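Thanks, everyone. Let me put the model up, and then we'll walk through it from the whole chain down to single residues.

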Amino acid sequence: MSIDIDRARSETPRCASVLHFNNAGASLTPLAVSDAVLGFLTREAEVGGYEAELEREGDIANTYNALAKMLHCRREEIAYCESATRAWDMAFYGIPLKPGDRILTGMAEYGSNWIAMLQRARQTGAVIEVVPNDDCGQIATQALLGMLDERVKLIALTHVPSNGGLVNPAAAVGKIARDAGILYLLDACQSAGQMPLDVRELSCDFLSATGRKFLRGPRGTGFLYVRKEAMERLEPPFLDMHAAEWVSKNDYRLQPDARRFEAFEANIAAKIGLGAAVDYALSWGLDAIRERVQALAALVRLRLDAIPGVEVCDLGREKCGIVTFTVDGHDPWKLRESFAERRMNMWMSQPSGTRLDMEARHLTKLCRASVHYYNTEEEVERFCRALTEITRA
Ligand SMILES: Cc1ncc(COP(=O)(O)O)c(C=O)c1O
């Protein structure tokens with residue numbers, strides 16, 4: 001099914017007044033999401049927070065059902081979290097590590113994940129090792145195979161990095177991890193909502209993502225998938241009376257499902273909004289979304305390539321909706337300001353988000369234009385014309 005762009009845009013009213021190429025930061029939310037969030041907030045104000053929650057139990061349950069449908073897993077394998085980072089942390093900090101254990105990761109690993117790995121390496125004596133890239137700039141699966149031994153306790157991979165179009169071969173990595181019996185934690189923060197994600201094909205034990213980016217959900221939302229069979233191999237790092245039951249003075253019992261990774265308190269309006277966002281993405285179809293996003297991003301790359309002084313920096317065999325580039329003699333943040341004056345949103349990538357990759361390629365700051373299915377070819381042309389004007393001025 002192809003996407004009805006006019007309908008998508010009419011259901012995202014802000015499209016009419018702003019060109020939004022910052023979907024990798026936070027997308028524009030569709031009406032289905034803002035209505036769900038505002039509707040719940042209004043009801044909270046009317047009847048009280050707990051009472052509104054009781055009334056809307058069905059909508060809250062729907063968030064789990066929708067996420068499970070999107071990921072092709074059981075609803076019991078989904079934990080709701082406040083962000084992708086907290087979701088990732090809840091899995092990572094629960095994995096037992098001891099001196100000499102090895103964590104394998106990729107060149108595109110996200111900064112917050114790396115910092116957490118460094119912290120745990122210092123605390124436990126485990127070591128972090130980076131799998132090199134292949135000639136296309138994606139994780140080299142052959143090299144990964146050669147690095148495996150019984151001391152490898154975790155493979156942590158960022159599917160799509162925040163600083164470019166790369167789509168890492170997450171399913172091939174998953175097959176290697178599963179065959180070797182090694183836990184596999186996939187950061188799908190930038191891929192969720194812009195392409196299909198099937199945890200059966202990805203063979204991951206854990207998958208973390210956020211709501212606000214390509215899923216077009218509210219800020220302050222995220223989720224963690226935990227494979228049922230992997231749940232017993234770790235203990236959540238934090239527990240409360242929602243994640244566990246206090247059964248006697250000296251004992252507690254963990255929830256039997258992924259709720260053990262959640263906290264009691266949550267922004268319920270945002271949680272319902274996340275469910276609405278996932279339903280909305282599913283209603284378009286993630287295959288159709290991927291096709292549209294990749295075609296638009298390819299057009300952005302083509303047009304940027306034709307502008308003197310512009311260099312597109314995306315890696316990978318398969319490329320997604322995130323386009324990063326440099327412009328000779330122009331600072332990305334200043335460019336962002338010039339675009340903003342024209343009611344055009346784009347963003348910037350800095351080394352702190354993906355330091356291994358940025359340093360290896362001697363990159364400092366990058367301009368980032370990230371497109372979604374509701375963007376248009378006309379917007380791509382307008383954006384590139386504006387860049388030509390700005391750089392000529
Ligand atoms: C690849 C990747 N992982 C994780 C995160 C963190 O997401 P959150 O801000 O929801 O914690 C980001 C945010 O940009 C990201 O790009």
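Start with burial. This is a predicted model, and of the 393 residues in the chain, 48% count as buried. The secondary structure comes to 15 helices and 15 strands. The radius of gyration is 21 Å, close to the 21 Å that the globule rule gives for 393 residues, so the chain is as compact as a globular protein of that length. Along the principal axes, the C-alpha atoms fill a box of roughly 70 × 60 × 35 Å. Now contacts. Take those with a separation of 6 or more: residues 24 or more positions apart account for 71% of them.

On to the seven-stranded sheet. In what order do its strands run? The order is 2-8-7-6-5-3-4. The sheet is open, and the pairing is mixed. Its edges are strand 2, residues 78-81, and strand 4, residues 127-131, and each of these pairs on one side only. On average, neighbouring strands are turned by 20 degrees against each other, direction ignored. Helix 6, residues 111-124, packs on this sheet. The helix touches strand 3 (102-106), strand 4, strand 5 (152-158) and strand 6 (183-187). Its direction makes about 140 degrees with that of strand 4.

Stay in this sheet and look at strand 8, residues 222-226. On one side, strand 8 pairs with strand 7, residues 206-210, in the antiparallel sense over five bridges. Two pairs to pick out here: Ala209 stands opposite Phe223, and Phe206 stands opposite Val226. Strand 2 also runs antiparallel to strand 8, and four bridges join the two. There, the bridge partner of Cys81 is Gly222.

How many residues of strand 8 are buried? Five of the five, so the strand is largely enclosed by the rest of the structure. In a regular strand, side chains alternate between the two faces of the sheet. Here is how that looks in strand 8. Gly222, Leu224 and Val226 point one way. Phe223 and Tyr225 point the other way. All of them are buried.

Next, the ligand. There are 13 residues around it. Which come nearest? Ser83, Thr85, Ser162, Cys189 and Thr210. By class, the shell has four nonpolar residues, eight polar and one charged. Thr210 takes us back to the sheet, as strand 7 covers residues 206-210.

Now a contrast in burial. Strand 9, residues 244-248, is hardly covered. Among its five residues, the count of buried ones is zero. Set that beside strand 8, where five of five are buried. Strand 9 runs antiparallel to strand 10, residues 251-254, with four bridges between them. A hairpin of two residues makes the connection. Across this pair, Glu245 stands opposite Arg253.

Further along, there is a sheet of four strands. This one is also open, in the order 11-12-15-14, with antiparallel pairing. Strand 11 (310-312) and strand 14 (347-349) are the edges, each pairing on one side only. The twist averages 40 degrees from one strand to the next. Inside the sheet, strand 12, residues 322-327, pairs with strand 15, residues 366-370, over four bridges. One of the facing pairs is Thr324 with Arg368.

Phe325 belongs in this picture too. Phe325 and Asp305 are 20 residues apart in sequence, and their C-alpha atoms are 9.4 Å apart in space. Asp305 is found in helix 12, residues 286-305. Is Asp305 buried or exposed? Exposed, because it has 12 C-beta neighbours inside 10 Å, and the cut-off for exposed is 12 or fewer.

Last item: two backbone angles. His72 has a phi near 65 degrees, a positive value in a residue other than glycine. Where is His72? In the loop between helix 4 (57-71) and strand 2. His72 is partly exposed, with 14 other C-beta atoms within 10 Å. Arg343 also has a positive phi, about 60 degrees, and is not a glycine. Arg343 lies in the loop between helix 13 (332-341) and strand 13 (344-345). With 11 other C-beta atoms within 10 Å, Arg343 is exposed.

That's the tour. Over to you for discussion.

Definitions and conventions: Residues are numbered from 1 along each chain as its sequence is written. This is a predicted model: local features need pLDDT of at least 70, side-chain atom pairs count only at pLDDT 80 or more; totals for chains, interfaces and linings use all residues. A residue is near a molecule or strand if its C-beta atom, placed from the backbone, lies within 6 Å of it. Ala, Val, Leu, Ile, Met, Phe, Trp, Tyr, Cys and Pro count as nonpolar, Asp, Glu, Lys and Arg as charged, and the others, Gly among them, as polar. Two strands pair if DSSP finds at least two bridges between them. Axes are lines fitted to C-alpha atoms, for helices over the stretch in contact, and angles run from 0 to 180 degrees between N-to-C directions. Two residues are in contact if their C-beta atoms, placed from the backbone, lie within 7 Å. The radius of gyration is taken over C-alpha atoms; the globule rule is 2.2 Å times the number of residues to the power 0.38. A residue is buried if 20 or more other C-beta atoms lie within 10 Å of its own, exposed if 12 or fewer, and partly exposed in between; C-beta atoms are placed from the backbone.
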